[in-house]
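Please find below a short note on the structure, set out as numbered points. The overall fold is taken up before a single helix is considered in detail.

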Amino acid sequence: MSEHQTGILVVEDEQEIRRFIRQTLERAGYRVFEAATLQQALDDAVARRPEFVVLDLGLPDGDGTDFVRAVRDWSRMPVLILSARSDEANKITALDAGADDYLTKPFSVGELLARVRALLRRAEGGDAGAAQVRFGEVEVDLARRTVTRRGEAVHLTALEYRLLVVLLANAGKVMTHRQLLREVWGAAYVDSTHYLRIYVGHLRQKLEADPTQPAHLRTEIGVGYRFQL
């Protein structure tokens, strides 16, 4: 699918913001639908089948998180939350409900479009879905389960490798602490955030050019982590 064929549903009750987002996306070549309420968004998601959703949380007839939970029953289309709610609890709730990313208002046009492109690449089986993934000086061969840096083998423990694979599989997406702990360690460890912090630190030491300023294994403060190609 090309960018020019991608349909995006913008769910936002403030008309000026909705118009601005629409114009921004249309200039980038996307086809845009608009919804101002939760019910209209749910109806349009079914009727129009967009490939992507930009979603505000504060809607006049409900919460945007309800939209995410509803569409996740039948669709994996990327959902980018665009909200003035900047507190960590709201971010975590939306992401745990099934949203793919979270951008707070005010936002830059460049960042909005970059987030959309990254999530669409992931949804279309982009680089992170390939047999080999390259980032920085690192190459991960998922078929052979090997990791090299500058051509030299990098030893990862089983848990380090599993954590890396989960992050690669969700490239561009914010993964909450609980999501990562559940997928890597299991449901019994969803509150053990210290494990996650330690193992992400190990991966940064082994894979990042500058572990103190990671370019790929990015922290989303108070929420979780994001792998950025």
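1. The protein chain contains eight helices and 14 strands. The model is a predicted one.

2. For 229 residues, a compact globule would be expected to have a radius of gyration near 17 Å, and the 18 Å of the protein chain agrees with this. Its C-alpha trace spans about 55 × 35 × 30 Å along the principal axes.

3. Of the 229 residues in the protein chain, 46% are buried. The accessible surface amounts to about 11100 Å², with 47% of it belonging to carbon and sulfur atoms. Where contacts link residues at least 6 apart in sequence, 57% of them join residues at least 24 apart.

4. An unreviewed UniProt entry annotates residues 7–120 as "domain: Response regulatory". This span is 47% helix and 24% strand, and its end C-alpha atoms lie 11 Å apart.

5. Helix α1 covers residues 15–27; at 1.5 Å a residue, its 13 residues should span 18 Å, and the end C-alpha atoms are indeed 18 Å apart. Just after α1, glycine 29 adopts a positive phi of about 100 degrees.

6. Which residues of α1 are buried? They are Arg18, Ile21, Thr24 and Leu25. Viewed down the axis of α1, these buried residues fall within an arc of 130 degrees and therefore line one face of the helix. In an α-helix there are 3.6 residues a turn, so residues three or four places apart point the same way.

7. The cover over the buried residues of α1 includes strands β1 (7–11), β2 (31–35), β3 (52–55) and β6 (79–83), together with helix α5 (109–123). Exposed residues Glu16 and Arg27 sit on the face of α1 turned away from its buried side.

How values were computed
Residues are numbered from 1 along each chain as its sequence is written. This is a predicted model: local features need pLDDT of at least 70, side-chain atom pairs count only at pLDDT 80 or more; totals for chains, interfaces and linings use all residues. Side-chain values use heavy atoms; hydrogens and water are left out. Helices (H or I, at least four residues) and strands (E, at least two) are DSSP runs, numbered from the N terminus. The expected span of a helix is 1.5 Å times one less than its number of residues. Buried means under 20% relative accessible area, exposed over 50%, partly exposed in between (1.4 Å probe, protein chains only). The arc is that of the directions from the helix axis to the C-beta atoms. Contact means heavy atoms within 4.5 Å. UniProt positions are given in the numbering used here, feature names are shortened, and annotations may be inferred rather than shown by experiment. The radius of gyration is taken over C-alpha atoms; the globule rule is 2.2 Å times the number of residues to the power 0.38. Accessible areas come from the Shrake-Rupley method with a 1.4 Å probe; for residues, only the protein chains shown count as cover.
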